[in-house]
Amino acid sequence: MCEDPAFSHEELHLSKAKRIGLMGGTFDPIHQGHLVTAEAVRSRFDLDKVVFVPSGQPPHKAGQIITGKEKRFLMTELATVTNPYFEVSRVEMDRPGASYAIDTVLYFRRLLEPGSEIYFITGADAILEIITWKDVDRLFENCTFIAATRPGYDLSAMERIVRQQLKPGYLQKIIPIEVTAMAISSTDIRRRVAEGRTIKYLLPEPVEYYINKNDLYLDQT
Ligand code: NAP
């Protein structure tokens with residue numbers, strides 16, 4: 001167990017965890033699809049905790065307008081507070097520079113007992129680009145990926161890319177999971193707000209209130 005005081009926040013909640021999920025995403029905003037995905041993966045893989053890790057500075061989104069990290073973090077806290085299995089980490093927000101998954105996975109490796117299992121949960125579209133991620137071999141050595149898909153998602157492109165461009169065996173370390181609620185998308189929610197359409201029930205009510213109170217997503221031009 002790591003004794004560096006800088007780790008104390010996560011250590012507090014993860015001290016007995018042996019199997020954790022890391023739910024990586026921009027969460028701009030977090031919605032029911034993310035929450036249903038996290039809970040489904042927790043239950044299916046018998047995880048002790050799912051830690052939501054809002055990206056600080058997504059490496060592949062330079063030049064795109066993203067809501068400030070503190071606001072995305074707060075929305076993630078509001079959305080997850082009622083589930084005792086869910087935690088939210090500041091690790092990517094507080095780390096300067098681009099948010100690389102490998103740095104996050106190794107950070108949690110150091111917090112957990114040796115032999116613990118780490119599942120990195122994210123969208124299948126993000127995993128489609130995994131060959132471009134930093135230190136991809138080290139990532140596969142340190143975690144299993146859960147690729148959340150929307151209904152009807154065609155997995156063949158992901159399988160082809162992994163087969164052709166990554167080491168044999170890596171495909172078994174990417175487990176797809178279809179989540180009906182992922183029909184909800186952050187992009188659609190932002191667009192709905194900008195167009196004055198309802199977002200009720202697409203995300204937890206406190207997050208909806210937070211978006212309204214802070215005038216988020218009004219201008220999506
Ligand atoms: P994104 O491009 O915004 O999202 C791609 C797709 O995945 C979208 O359809 C998105 O839906 C969905 N998605 C994102 N996070 C999800 C989650 N946790 N569960 C289910 N679906 C999810 O991707 P992103 O959010 O910026 O990045 C996803 C993760 O990959 C982050 O942890 C990021 O740090 C990591 N990543 C790492 C590297 C690297 O290490 N070099 C590079 C790229 C991404 P919504 O829009 O509805 O969320």
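Let me begin with T180, which is placed in the loop between β6 (174-178) and α9 (186-194). Please keep in mind throughout that this is a predicted model. T180 is exposed, because its relative accessible area is 61%, and exposed means over 50%.

From T180 I turn to T26. The two residues are 154 apart along the chain, and their C-alpha atoms are separated by 20 Å. T26 also has its place in a loop, in this case the one between β1 and α2 (32-44). Is T26 buried or exposed? T26 is buried, since its relative accessible area is 13% and the limit for buried is under 20%. The side chain of T26 makes a polar contact of 3.1 Å with the side chain of K61.

That brings us to the ligand. How many residues surround the ligand? The count is 28, and the closest are T26, H31, H34, K61 and R150. T26 and K61, the pair joined by the polar contact just described, are thus both named among the closest residues.

Let me now go through three individual approaches to the ligand. For K61, a polar side-chain atom lies 2.5 Å from a ligand oxygen atom. For R150, the separation between an N or O atom of its side chain and an oxygen atom of the ligand is 2.7 Å. For G25, the partner is in the backbone: a polar backbone atom is 3.3 Å from an oxygen atom of the ligand. The ligand taken alone exposes 870 Å², and the protein buries 90% of that. As for the space that the ligand takes, it is the largest pocket.

Which elements supply at least two residues each to the shell around the ligand? They are β1 (19-25), β4 (117-123) and α6 (124-127). Of the shell, β4 provides the largest share, with four residues. Sorted by class, the shell has twelve polar, eleven nonpolar and five charged residues.

I would like to stay with β1 for a moment. G24 lies in this strand. With a relative accessibility of 16%, G24 counts as buried, because the cut-off is under 20%. The C-alpha atom of G24 is separated by 10 Å from that of P58, and the two residues are 34 apart along the chain.

Next, some points of backbone geometry. Most residues other than glycine have a negative phi, and most peptide bonds are trans. Where, then, is a cis peptide bond found? The bond from D28 to P29 is cis, with omega near 0 degrees. P29 lies in the loop between β1 and α2, and T26 has its place in that loop as well.

Two aspartates have a positive phi. In D135, which is not a glycine, phi is near 55 degrees. D135 is located in the loop between α6 and α7 (136-142). D135 counts as partly exposed, because its relative accessibility of 39% falls between the limits of 20% and 50%. D215, also a residue other than glycine, has a positive phi of about 55 degrees. D215 lies in the segment after α10 (205-213). With a relative accessible area of 52%, D215 is exposed, since the cut-off is over 50%.

To close, I return to the ligand: the protein buries 90% of the area that the ligand exposes when taken alone, and T26, H31, H34, K61 and R150 are the closest residues.

Notes. Residues are numbered from 1 along each chain as its sequence is written. This is a predicted model: local features need pLDDT of at least 70, side-chain atom pairs count only at pLDDT 80 or more; totals for chains, interfaces and linings use all residues. Side-chain values use heavy atoms; hydrogens and water are left out. A residue is near a molecule or strand if one of its heavy atoms lies within 4 Å of it. A polar contact is a pair of N or O atoms within 3.5 Å; within protein, one must be able to donate a hydrogen and the other to accept it, and residues adjacent in sequence count only if both atoms are side-chain atoms. Accessible areas come from the Shrake-Rupley method with a 1.4 Å probe; for residues, only the protein chains shown count as cover. On a 1 Å grid over the protein atoms alone, a cavity is a set of points where a 1.4 Å probe fits but cannot get out, and a pocket is an open set with protein on both sides within 12 Å along at least five of seven lines; lining residues have an atom within 4 Å of a point. A molecule sits in a cavity or pocket if more than half of its atoms lie within 2 Å of its grid points. Ala, Val, Leu, Ile, Met, Phe, Trp, Tyr, Cys and Pro count as nonpolar, Asp, Glu, Lys and Arg as charged, and the others, Gly among them, as polar. Buried means under 20% relative accessible area, exposed over 50%, partly exposed in between (1.4 Å probe, protein chains only).
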